[in-house]
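Visitor: Before we begin, I should like each label attached to this model to be justified by a value and a criterion. Would you take me through the reasoning?

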Amino acid sequence: MTNITYYIICGVLAVAVLVGIAMMSKVKTAAAGNLLSACALAAAILIVLWKGELLSNIGLWVSMILGLGMGALLAYRVKMIQMPQMVALLNGLGGAASALVAIVSLMTEGSLVGAFAIITAVLALVIGMVTLSGSLVAAGKLAKLLPQRPVVLPAHSLWIGITLILSLAMVVLATVLGRPIVLIVSIAASLLFGVFFSIRVGGADMPITISLLNSLSGVAGAIAGMAIDEVLLVAVGGIVGASGLLLTQIMCKAMNRGLMDILLGKTSVAAKPADAPAEAPVEEAAPAEEAEEEAPQIDAAEVLRNAKNVIVVPGYGMALAQAQSNVKELADKLEARGAQLRYAIHPVAGRMPGHMNVLLCEVDVPYDQLYEMNDINDDFASCDLVIIVGANDVVNPAAGFAEGTPIYGMPVLKAADAPVVIVCNFDLKPGYAGVPNPLYTAKNAVLMLGDAQETVSSLSAMLD
């Protein structure tokens, strides 16, 4: 195969991956887009093996078959609720693969020619190891194997600075120092940096962290491709890195976050909440008996039967209880009574980007009923009813006044503006960010505490 032919094939495959990603942005073509991208990547593997005359290497085929089997088994056994940690783990494995390419290249005499190849190999190693350790910590937090709250170690910022400087120093000095020293120091420093960086991220910033790590896995692959002069790896890695970074920036903007603040942990470490403004909180803090005298108790059944404009706000609690089918059943009954149903999706609802979209589409909720925050936020005040299923931080009005907390300044869904809000939550504890939610004590709120499957089913029973 000539180089020209190979480059043309690489270009075609890269375009196929891009087309597949574009198709994934629409529900009707998402499955086909995913299949197209997967087939393009499978073809890329075969083309690289063919060009390198490795198709007859039995060891490679055995490894690929084992990897294919493990991936298929995980895809079959992993539950939808476990998908966020699965995504985090796969991000880490992508970084590890790039790091292994760099390690083998650095350890193989004569495989890297010139300073550029050596420096990019070390850079790929550093970014790959940061992605690996950071993703493992993120997966551990999501799986509750590690503390889900931000963890701040003694002299945390100092350790981050030291490990980052050591990692960058190895990249700069890669052509001067001996390769064993470069390998040992860069691996140790980058692994520790990934741990120090991700362990203090918590609360509402976890979806952004996963998105950023996804981008880093692609960047590591692209740089590894530069080191070994593999144009296809550069192209595909660049696509993954760019798409992940764009998603990260979109989510940062939606949450009113600065990416550097997240990287430095400034938005994640919980602080003592500031006092709420004098006007509203004084009313909200009134004794329950007094509140009952001032406003009549809301009849949830009557509101449900008469509601014609309903907005559902799904959250991680729905995912945890696997209550999406119960929500769909309730929605079907409301629609049968003539109600308009819409779903308000916060950019970081759940534990990864698009988490709620996937769960709702799994039970055949029409995609045109899913609305992003900016498209529906002004409609809460004019709707008849809002039903919150397991969402907390993303509807917490305290984001507007609780200074010093992880959610302060974060745009939230304005569910509190609705005339009636039915809250289906497991309990009254604060959400993942650790900030109490004043919506729970609001006069227009009806609390349905317990497992989301049971509480949503009880709402459905009111319509029978």
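Guide: What follows is a series of questions on the labels used for this structure, each answered from a value and its cut-off.

Guide: Please keep in mind that the model is predicted.

Visitor: What is the secondary structure of the protein, and what are its spans along the principal axes?

Guide: The protein contains 18 helices and six strands. Its C-alpha trace extends about 85 × 50 × 30 Å along the principal axes.

Visitor: How do you know whether the radius of gyration agrees with that of a compact globule?

Guide: The rule for a globule is 2.2 Å times the number of residues to the power 0.38. For 464 residues this gives a value near 23 Å, and the protein has 25 Å, which agrees. Of these 464 residues, 46% are buried. Among contacts with a separation of 6 or more, 77% join residues 24 or more positions apart.

Visitor: How many disulfides does the structure hold, and what makes cysteine 39 a residue in no disulfide?

Guide: The structure holds zero disulfides. For cysteine 39, the nearest cysteine sulfur belongs to cysteine 10 and is 17 Å away. A disulfide requires two sulfur atoms within 2.5 Å, so cysteine 39 is not in one.

Visitor: Why is cysteine 383 without a bond to cysteine 424?

Guide: The sulfur of cysteine 424 is the closest cysteine sulfur to that of cysteine 383, yet it lies 15 Å away, which is too far for a bond.

Visitor: Is cysteine 383 buried or exposed, and what is the label for cysteine 39?

Guide: Cysteine 383 has a relative accessible area of 3%. Buried means under 20%, so cysteine 383 is buried. Cysteine 39 has 44% relative accessibility and counts as partly exposed, because that label covers values between 20% and 50%.

Visitor: What makes Met1, Leu46, Trp50, Leu55, Trp61 and Ile65 a patch?

Guide: These residues form a nonpolar patch on the surface, with about 600 Å² of accessible area together. The criterion asks for residues with over 30% relative accessible area and no salt bridge, whose nonpolar side chains are joined within 5 Å. Helix H2 (27-51) and helix H3 (58-77) each contribute at least two residues to the patch.

Visitor: Why is isoleucine 65 called exposed?

Guide: Isoleucine 65, which lies in helix H3, has a relative accessible area of 56%. The label requires over 50%, so isoleucine 65 is exposed.

Visitor: Is serine 98 buried or exposed, and which residues is it in contact with?

Guide: Serine 98 lies in helix H4 (residues 83-107). Its relative accessible area is 7%, and because the limit for buried is under 20%, serine 98 is buried. Leaving aside neighbours within four places in sequence, serine 98 is in contact with Ser217, Ala220, Gly221 and Ala224.

Visitor: Why is the pair of aspartate 332 and lysine 328 called a salt bridge?

Guide: Their side chains meet with an N to O distance of 2.9 Å. The criterion is a nitrogen within 4 Å of a carboxyl oxygen, so the pair is a salt bridge. Both residues lie in helix H15 (residues 324-336), four residues apart, about one turn of the helix. Aspartate 332 is partly exposed at 35%, whereas lysine 328 counts as buried at 17%.

Visitor: How do you know that glutamate 329 forms a salt bridge with lysine 333?

Guide: The closest N and O atoms of glutamate 329 and lysine 333 are 3.9 Å apart. The limit is within 4 Å, so the pair qualifies. The two residues are four residues apart in helix H15, about one helical turn. Glutamate 329 is partly exposed at 38%, and lysine 333 is partly exposed at 22%.

Visitor: What makes the pair of aspartate 464 and lysine 333 a tie between parts of the chain?

Guide: Aspartate 464 forms a salt bridge with lysine 333, with closest N and O atoms 2.7 Å apart. Aspartate 464 lies in the segment after helix H18 (452-461) and lysine 333 in helix H15, so the pair ties together parts that are 131 residues apart in sequence. Salt bridges with shared partners join Glu329, Lys333 and Asp464 into one network.

Visitor: How many salt bridges are found in the whole structure?

Guide: The search finds four.

How values were computed:
Residues are numbered from 1 along each chain as its sequence is written. This is a predicted model: local features need pLDDT of at least 70, side-chain atom pairs count only at pLDDT 80 or more; totals for chains, interfaces and linings use all residues. Side-chain values use heavy atoms; hydrogens and water are left out. Buried means under 20% relative accessible area, exposed over 50%, partly exposed in between (1.4 Å probe, protein chains only). Patches are made of residues with over 30% relative accessible area and no salt bridge: like charges are joined within 9 Å, nonpolar side chains (Val, Leu, Ile, Met, Phe, Trp, Tyr) within 5 Å. Accessible areas come from the Shrake-Rupley method with a 1.4 Å probe; for residues, only the protein chains shown count as cover. Contact means heavy atoms within 4.5 Å.
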